[in-house]
Amino acid sequence: MNQVFIYSFTTKVPKAIWFGQGWGFRPGSIPLANCLDIVKLVVTPPLPHGSNNNRNLLCKMSIQIALTLECIWNFRNSIVHSGPHSNLPIILKGLELRVADHLALVEGVDRVSDNAWARCVDMDDSVIAEAFAIKWALELAKEESFINIIVESDSKIYIDFLEVNSAICC
């Protein structure tokens with residue numbers, strides 16, 4: 001575990017990934033002695049100097065730190081298992097897009113990017129959530145004037161319903 005700790009914060013490429021995001025976070029200035037400190041860093045991130053203890057800002061910082069750590073870990077695994085052929089600007093751009101997508105979800109933005117939609121829903125029942133997701137996807141498809149629509153789901157009930165009622169749905 002110490003190897004992960006040391007790699008994520010002290011070697012050249014991870015430092016470049018941390019620094020390359022442009023949000024002023026410098027992990028070298030935070031005292032980290034072990035893996036538990038990394039967990040604490042994600043769960044209770046340090047706020048920028050002069051910031052209020054804002055729950056929304058804490059959430060955003062946690063997301064950014066967690067995604068950065070995941071990016072560094074994936075980079076490390078690609079080097080270990082595939083060999084060193086990576087492009088730092090592409091890694092940083094990919095991380096930037098992932099962070100933006102996650103932050104958009106936190107802020108309640110429905111349309112995340114040109115290629116994907118996402119929405120947070122507060123539902124405990126997965127069957128109802130599935131129905132909601134299918135309904136919302138069909139509404140988006142209609143809004144975008146899509147003509148041929150394929151709905152994929154692991155819920156046979158909904159797929160059967162759509163097959164029987166496809167003329168009504170569209």
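Which residues does Leu95 touch, not counting residues up to four places away in sequence? Select Leu95 and look around: Ile17, Gln21, Leu67, Thr68 and Cys71 are in contact with Leu95 (heavy atoms within 4.5 Å).

A quick note before moving on. This is a predicted model, where local features need pLDDT of at least 70, side-chain atom pairs count only at pLDDT 80 or more, and totals for chains, interfaces and linings use all residues. Residues are numbered from 1 along each chain as its sequence is written, and side-chain values use heavy atoms, with hydrogens and water left out.

Next, bring up the largest nonpolar core (buried Ala, Val, Leu, Ile, Met, Phe, Trp, Tyr and Cys residues joined through side-chain atoms within 4.5 Å). It has 17 residues, and Ile17 and Leu95 touch the most other members. Helices H2 (12–20), H3 (35–43), H4 (55–82) and H5 (88–106) each give two or more residues to this core (helices are DSSP runs of H or I, at least four residues, numbered from the N terminus). Colour H4 to see the largest share of the core, 7 residues.

Now zoom in on H2. Pro14, Ile17 and Trp18 are buried here, while Lys12 and Phe19 are exposed on the other side (buried means under 20% relative accessible area, exposed over 50%, with a 1.4 Å probe and protein chains only). Back to the buried residues of H2: seen down the helix axis, they fall within an arc of 95°, so they line one face (the arc is that of the directions from the helix axis to the C-beta atoms). Finish at Gly22, which follows H2 and has a positive phi, near 75°.
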